[in-house]
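Biologist: I would like a close look at one single part of this model, with enough of its surroundings that I can find my way at the bench. Please take your time over it and go from that part outwards.

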Amino acid sequence: MKIVPRSKLIYSFSSQHKPVERVKPRELVLLETEDAFGGQVKNEETSLEEFDWSRVDGATGPVFVEDAELGDTLVAEILDIKVEEKGVIVTVPKNGILGRKRFNPSTKIVGIGSGYVHFDKNVRVKANPMIGTIGVAPESGEIPSSSLGKHGGNMDVKELTAGTKLYLPVFTEGALFAAGDLHAVQADGELCVSSVEVAGEVLLRFSLIKGKKPEWPILETHDWYAFLACGDTLDEAATFATDAAVDAFMRKYEWPFEKAYMFGSLAINLEINQVVDPKKGIRAVMSKDFMSLNSLLI
Ligand code: CA
């Protein structure tokens, strides 16, 4: 097994980064990850003004996956996610879906244990550890790890948990994969701009699908596939997600556009990933009753 320590952080996704580790398909990889604030929050008195913002939103990597080439699909199988026992939630004025309201910067530290996040006296939420940031080098340029796109990135999808698979398009040799920004639990939307931000580790295994790639990252759970699209607005993200999903139904059943579009009203669920990052995220969820992986890739 290869272990990548949490000192190996990148703050952008780019084909120019030097890999910190090389792995073969099927090899086990353990990424140790920092929390989204780079471990700078020590207690609830830590003020956001003291932050070194250049150390926020780091992802562990990049990892070079052997044999990955432009036009392939990198399959990241999430085998396990472990999180530490303390998580951090913050409010940041002007941020989050209610950023127009007047409110104070604040920091809350919560305990995580016995399968729960302990938010307040007698108020606990079942933990469901997930990966906020996960992706590969983009097609061109350098994209901050706080943002997101077709390469993945800061997607903040609550369903991206242990036992799922993520399919990412490969844009550069070796793919240059990185991940971090774990949340002990998050609801759809991530309304206040942060969730339960926590350090931890992710156990992964990669494989490749040669010569085919997804239009947007695809998440696979036990029951469904979803395109994870993003846009400058929720409307734009919803349009991109729907477009990709309707195209997939046209391929799957060899239907004309109109028929696949109609079927979309019956069988494609649009769900919100988050509404607070530089781009907004929507997933188009398709039951495995109707959709197969092969029709999702082009
Ligand atoms: Ca995030």
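Modeller: Helices (H or I, at least four residues) and strands (E, at least two) are DSSP runs numbered from the N terminus, and with that in hand the part to start from is L48, in the loop that joins strand 5 (28-33) to strand 6 (59-65). This is a predicted model, in which local features need pLDDT of at least 70 and side-chain atom pairs count only at pLDDT 80 or more, while totals for chains, interfaces and linings use all residues. Residues are numbered from 1 along each chain as its sequence is written, and side-chain values use heavy atoms, with hydrogens and water left out.

Although L48 sits in a loop, its relative accessible area is 8%, and L48 is therefore buried (under 20%, against over 50% for exposed and partly exposed in between, with a 1.4 Å probe and protein chains only). Setting aside residues up to four places away in sequence, L48 has contacts (heavy atoms within 4.5 Å) with W53, V90, T91, V92 and P105. Across the chain, the C-alpha atom of L48 lies 39 Å from that of A244, a residue 196 positions away in sequence.

The strand that follows this loop carries a feature of its own, for P62 is found in strand 6, and the peptide bond leading from G61 to P62 is cis, with omega near 0°. Beyond strand 6, in the loop that leads to strand 7 (73-83), comes D67, a residue that is not a glycine and yet has a positive phi of about 80°. D67 has a relative accessibility of 54% and therefore counts as exposed.

A positive phi of about 50° is also found at D156, again not a glycine, and this residue belongs to the loop between strand 15 (152-154) and strand 16. Here the surroundings are of another kind, because D156 has a relative accessibility of 2% and counts as buried. D156 takes part in binding the calcium ion, whose donors (N, O and S atoms within 2.8 Å of the metal, or 3.2 Å for Na, K and Ca) are N154 (OD1), D156 (OD), D156 (OD) and D181 (OD), at 2.3 to 2.6 Å. Water is not among the atoms, so sites may look incomplete. Along the sequence the donor residues follow the spacing N-x1-D-x24-D, and N154 is buried, as is D156.

Between strand 16 (165-169) and strand 17 (177-183) there is a further loop, and T172 lies in it. With a relative accessible area of 17%, T172 is buried too, and once neighbours within four places in sequence are left aside, T172 is in contact with S15, A68 and A137.

Two other residues are useful for comparison with L48. I3, in strand 1 (residues 2-4), is partly exposed at a relative accessible area of 44%, and, not counting residues up to four places away in sequence, I3 touches E21, L30 and E32. K101, in the loop between strand 8 (86-91) and strand 9 (106-113), counts as exposed at 56% relative accessibility, and its C-alpha atom is 35 Å from that of I81, from which K101 is separated by 20 residues in sequence.

As for the whole chain, there are three helices and 23 strands, and 52% of the 298 residues count as buried. The radius of gyration, taken over C-alpha atoms, is 19 Å, which agrees with the value near 19 Å for a compact globule of 298 residues (2.2 Å times the number of residues to the power 0.38). The C-alpha atoms fill a box of roughly 60 × 40 × 35 Å along the principal axes. Among contacts with a separation of 6 or more, 76% come from residues 24 or more positions apart.
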